[in-house]
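Please open the model in a viewer and keep the selection panel at hand. The tour proceeds by selections, each followed by a description of what is there.

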Amino acid sequence: MVLKERLKAYARSLGFDLIGVAAAGPTPSADRYEEWVRAGRAATMAYLTRPEAIEKRRDVRHLWPEARSVIVGAMNYYAGDFPPPREDVPQGRVARYAWGEDYHEVLRERLEALLEFLNREAGRPVRGRIYVDTGPVLERAWAVQAGLGWIGKNSMLIHPRLGSYLFLGILLVDLELEPDPPFPTDHCGTCTRCIEACPTRCIRPDRTLEAERCLSYLTIERREEIPMERRAAIGDWIFGCDICQEVCPWNRRFARPTAEPAFQPREGIPRLALAEILGMDEAAFRARFRRSAIRRAKRRGLVRNALVVAGNLRARSLRPLLERWRADEDPILQEHAAWALERIEEAQVLLEGPG
Ligand code: SF4
Ligand code: SF4
């Protein structure tokens with residue numbers, strides 16, 4: 001068996017569901033990304049818009065001149081549906097990608113094992129660089145180039161037999177491997193379900209997202225306040241949002257629960273109890289979310305989100321905790337707590353009359 005085929009067989013034994021190879025060079029569809037940045041759609045995510053990062057995204061050899069091949073691995077993280085919400089405990093939903101272990105760490109470890117394999121098998125030392133959402137690499141564009149699927153209107157990579165609940169990781173190597181053919185077709189057709197279902201209507205006709213309005217951006221990346229006009233759309237999403245993937249027919253038909261132990265839901269997830277988040281100190285947050293992608297929001301972001309969800313759910317049982325946050329020294333958390341208390345108050349007035 002040639003080296004690339006043995007590499008793929010080994011990758012599957014490591015838990016990768018898909019693996020493909022592209023030749024290192026200019027990034028396909030980098031122009032679209034640059035237009036998106038120029039149009040100011042990256043909101044406050046400065047790491048996406050810095051000139052040197054744009055330059056590196058244009059060609060993987062700008063990132064690492066020795067790169068000769070781009071190996072793209074994908075792991076299915078779908079772990080089923082949300083359990084029904086509990087009536088007695090106000091909870092916030094966590095996007096599926098954060099139900100299990102932090103994918104950055106899991107995929108990095110597996111790609112390291114793949115690089116070790118190449119070093120054993122290639123007949124010469126092989127050097128590599130690994131990227132799992134951790135550097136200026138357009139992973140999805142490379143996944144299409146390596147034959148793994150197409151980019152849907154919701155901007156996710158979709159595979160015709162697995163759907164889009166896929167983590168992507170990139171291994172650049174200084175070894176020439178025969179490239180796979182790029183994925184040939186776009187199978188979105190006339191479907192517009194993701195566009196219609198998005199609660200903030202942030203999916204644009206050119207298949208890019210208006211990040212500023214996307215709940216994933218607002219609840220994970222954004223450090224400031226959640227704009228008032230976006231709070232109702234957050235509903236009960238405390239971390240991320242899966243709506244544009246849930247409605248996609250390719251997921252409805254083909255997403256199958258992963259057997260990967262690392263991506264099984266952790267205790268207390270996929271629905272986080274708001275009282276737990278609102279009652280947690282920094283040390284408890286760090287311990288609870290060790291090796292979890294939820295750490296990305298930081299405790300302050302997660303508390304801010306929990307306050308918004310508490311308001312949206314009109315969660316009266318959380319009043320004492322909300323009062324505490326209203327007296328916090330952080331003005332953003334104070335304001336979000338006051339907003340949540342007002343929502344609860346309004347709901348009570350509607351129910352009982354002005355009294
Ligand atoms: Fe819209 Fe949610 Fe998808 Fe963002 S993640 S584009 S808010 S449906
Ligand atoms: Fe494409 Fe429809 Fe899926 Fe959106 S919901 S990504 S349009 S197939």
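**Strand 7 and its partners**

Begin with strands 4 and 7: strand 4 (residues 128-131) pairs with strand 7 in the antiparallel sense, over 4 bridges. Within this pairing, R129 has L172 of strand 7 as its bridge partner. The coordinates are those of a predicted model.

Next, select strand 2 (residues 69-76), which runs antiparallel to strand 7 and is joined to it by 8 bridges. Here G73 is found opposite G169 of strand 7.

Now display strand 7 itself, residues 166-173, with side chains. How many of its 8 residues are buried? The count is 8 of 8, so the strand is mostly covered. L166, L168, I170 and L172 point one way, F167, G169, L171 and V173 point the other way, and all of them are buried. In a regular strand, side chains alternate between the two faces of the sheet.

**Strand 3 and its partners**

Move to strand 3, residues 91-94, which is covered on both faces. Q91 and R93 lie on one side, G92 and V94 on the other, and all are buried.

Add strand 9 (residues 271-273) to the selection: 3 bridges join it to strand 3, and the two run antiparallel. R93 stands opposite R271 of strand 9. Then add strand 8 (residues 237-239), which runs parallel to strand 3 and is joined to it by 2 bridges. In strand 8, F239 is the bridge partner of V94.

**The two domains**

Colour the chain by its domain assignment, which gives domain 1 (3-78 + 100-173) and domain 2 (193-352). The contact between them takes 37 residues from domain 1 and 36 residues from domain 2. Taken over C-alpha atoms, the centres of domain 1 and domain 2 are separated by 28 Å.

**Ligand 2**

Select ligand 2 and the residues around it: G152, K153, N154, I158, C188, C191, R193, C194, C248, P249 and W250. Helix 7 (193-197) and helix 11 (249-254) are the elements that give two or more residues to this shell. Which domains each supply at least three residues to the shell? Both domain 1 and domain 2 do. By class, the shell around ligand 2 holds 7 nonpolar, 2 polar and 2 charged residues.

**Ligand 1**

Proceed to ligand 1, surrounded by C198, P199, T200, C202, I203, L209, C214, L215, S216, C241, I243 and C244. The elements contributing two or more residues to this shell are helix 8 (215-221) and helix 10 (243-246). The shell around ligand 1 comprises 10 nonpolar residues, 2 polar residues and no charged residues.

Zoom in on C202, which is buried at a relative accessible area of 2%. Why does C202 form no disulfide with C198? The closest cysteine sulfur to that of C202 is in C198, at 3.6 Å, which is too far for a bond because a disulfide requires the sulfur atoms to be within 2.5 Å. A search of the whole structure finds 0 disulfides. C214, also in the shell around ligand 1, counts as buried at 14% relative accessibility.

**Final stop: Q348**

Finish with Q348, located in helix 16 (residues 331-352). Is this residue buried or exposed? Q348 counts as buried, with a relative accessibility of 14%. To view its surroundings, select R316, R319 and G353, with which Q348 is in contact when its neighbours within four places in sequence are left aside.

Definitions and conventions
Residues are numbered from 1 along each chain as its sequence is written. Chains are lettered from A and ligands numbered from 1 in the order in which they are written. This is a predicted model: local features need pLDDT of at least 70, side-chain atom pairs count only at pLDDT 80 or more; totals for chains, interfaces and linings use all residues. Side-chain values use heavy atoms; hydrogens and water are left out. A residue is near a molecule or strand if one of its heavy atoms lies within 4 Å of it. Ala, Val, Leu, Ile, Met, Phe, Trp, Tyr, Cys and Pro count as nonpolar, Asp, Glu, Lys and Arg as charged, and the others, Gly among them, as polar. Domain bounds come from an automatic or database domain assignment. Buried means under 20% relative accessible area, exposed over 50%, partly exposed in between (1.4 Å probe, protein chains only). Two strands pair if DSSP finds at least two bridges between them. Contact means heavy atoms within 4.5 Å.
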